[in-house]
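I opened a fresh page today for a stroll through this model. Here is what I looked up, in the order I got to it.

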Amino acid sequence: MESVSVILPTRNNEDHIADLLDSIFSQSFDGEIEVLVMDSSDDRTPEIARRYSRDYNLRVVRVEPEDYNYGGTRNLGASMTSGDILIFISTDVEIRDDDWLSKLVRNLNDPLVAGVFGRQVPKEDAPPMEEFFIKYTYPNCRKVFWLKKSKRLTDFFFSNTNSAIKRRVWEKIPLPEMLKSEDQEWAKRALLAGYKIVYDPEAVVYHSHHYTLKKVFKEYFDSGATMPYVYSDERIRPPSFLARGLDYEIKQLRYFIKKGYFKYVPYSFVYDFMKFLGYYLGTKYKYMPIWMRRALCKKSNHWDKYDDIISAESQILKMGNDNFRC
């Protein structure tokens, strides 16, 4: 059985880091499990995590908050580990299945599969808007993305909230340093290189957020800023963008009626308006001065490090895509 390295970025997770590590180290997985905690906390998270190093293969390294980058920090973590398979998960997930890791990794037996991501299920306390979004985005049906079967490069998805990537593929195609959506951009590059991407709904984690209107706007502003790059503008052309938004709202309204969430309907329209507004304005970030980008996005200091959503190094990598074909 191949060994795995779990890359776990953390920030102020003292209330549930122990539960997550207990779940990881109790997996019924035959291979070796290595965990690297990349911590940016100012609470007891690193102290709690270090206790596990007495009995398990776990290390904690410090990452300054201003240095954190979705792709760059995970690349650093991957370079500091040795597992054959890299496991990327978010620190706020809950793992309730002892076979989660085995279910995730089994998909990599296919030599053409570069990476796999699993299903997310909303937590019990998820707000209705988040509950619907998670169920809508992560259905209970397996999918295989492969350009030899579909020539459309807009019909793919990937999420590092619950994912596994082969190290040998990562060495050829590291995660790009971007404002956000580094996982989707990585998947695009893997697909262009001839690999497959798998979505396995049986590899489940529980995950959801409690966003305020301000936070959801900023989250979606960052996502919107990356979409013209990842999907070459095809997903944000006004007619199709508005049509997808309307379709989403209709399906969400039906879901709320079915579940009896009537009192949340008015707020859901405001909430989703902030999402779509943030997303759309994010796609127009190039027309904004730096001060406005800092004010509107979640990762405000990104613009102090990069002139664009993606580093120059990663742009060069994209241009040289033919050099890392499978």
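**Entry 1: cysteines.** I started with Cys297, which is buried, as its relative accessible area is 1%. A reminder to myself before going further: this is a predicted model. Next came Cys141, which has 35% relative accessibility. That value lies between the 20% limit for buried and the 50% limit for exposed, so I wrote Cys141 down as partly exposed. How many disulfides does the distance rule give? The count is zero.

**Entry 2: helix H7.** I moved on to H7, which spans residues 182-192. Is this helix mostly covered or mostly open? It is mostly covered, with 10 of its 11 residues buried. I was curious about which residues those are, and the buried set holds Glu182, Asp183, Gln184, Glu185, Trp186, Ala187, Lys188, Arg189, Ala190 and Leu191. I also checked what comes after the helix: H7 is followed by Gly194, which has a positive phi near 100°.

**Entry 3: the loop before H7.** Ser181 sits in the loop between helix H6 (167-172) and H7. I paused at its backbone, since Ser181 is not a glycine and yet has a positive phi of about 65°. For context, most residues other than glycine have a negative phi. Ser181 is also buried, because its relative accessibility is 5%, below the 20% limit.

**Entry 4: H7 against H8.** Helix H8 covers residues 213-230, and its axis runs 10 Å from that of H7 at an angle of about 10°. That makes the two helices roughly parallel, because the angle is under 35 degrees. Which residues meet here? From H7 I noted Gln184, Glu185, Lys188 and Arg189, and from H8 I noted Met227, Tyr229 and Val230. Sorted by class, this contact has three nonpolar, one polar and three charged residues.

While I was in H8 I looked at Ser223, which lies in that helix. Ser223 is buried, as its relative accessibility is 14%. Leaving aside neighbours within four places in sequence, Ser223 is in contact with Lys180, Ser181 and Tyr279. That brought me back to Ser181, the loop residue with the positive phi.

**Entry 5: H5 against H10.** I wanted a second helix pair to set beside the previous one. Helix H5 (residues 128-137) and helix H10 (residues 265-283) have axes that come within 10 Å and cross at roughly 60°. H5 and H10 are therefore oblique to each other. On the H5 side, Met129, Glu130 and Phe133 take part, and they meet Tyr267, Ser268, Tyr271 and Lys275 of H10. The residues of this contact divide into four nonpolar, one polar and two charged.

**Entry 6: Lys275.** I stayed with this residue of H10 for a closer look. Is Lys275 buried or exposed? It counts as buried, because its relative accessibility is 5%. Outside the four places on either side in sequence, Lys275 is in contact with Phe133, Val216, Tyr220 and Tyr248. Phe133 is one of the H5 residues from the helix crossing. I also took one distance: the C-alpha atoms of Lys275 and Val169 are 34 Å apart, with their positions 106 residues apart along the chain.

**Entry 7: His302.** His302 belongs to helix H12 (residues 302-305). It is buried, since its relative accessibility is 3%. What lies 2.8 Å from a polar atom of the His302 side chain? I found the backbone oxygen of Asp308 there. Beyond its neighbours within four places in sequence, His302 is in contact with Asn69, Met178, Leu179, Asp308 and Ile309.

**Entry 8: the start of the chain.** I finished with Asn12, which is in the loop between strand E1 (4-10) and helix H1 (17-25). Like Ser181, Asn12 is not a glycine but has a positive phi; for Asn12 the value is about 55°. Asn12 counts as partly exposed, because its relative accessibility is 33%.

In H1 itself, the buried residues are Ile17, Leu20, Leu21, Ser23, Ile24 and Phe25. What do they pack against? I listed E1, strand E2 (33-39), helix H2 (45-50), strand E3 (58-62) and strand E4 (85-89).

How values were computed: Residues numbered from 1 in each chain as written. Predicted model: local features only at pLDDT ≥ 70, side-chain atom pairs only at ≥ 80, totals over all residues. Heavy atoms only, no water. Buried < 20%, exposed > 50% of the residue type's maximum accessible area, 1.4 Å probe, protein only. Helix = DSSP H or I, 4+ residues; strand = E, 2+ residues; numbered from the N terminus. Polar contact = N/O pair within 3.5 Å; in protein donor to acceptor, adjacent residues only side chain to side chain. Contact = heavy atoms within 4.5 Å. Disulfide = S-S within 2.5 Å. Axes fitted to C-alpha atoms, helices over the stretch in contact; angles between N-to-C directions. Parallel < 35°, antiparallel > 145°, perpendicular 65-115°, else oblique. Nonpolar A, V, L, I, M, F, W, Y, C, P; charged D, E, K, R; others polar.
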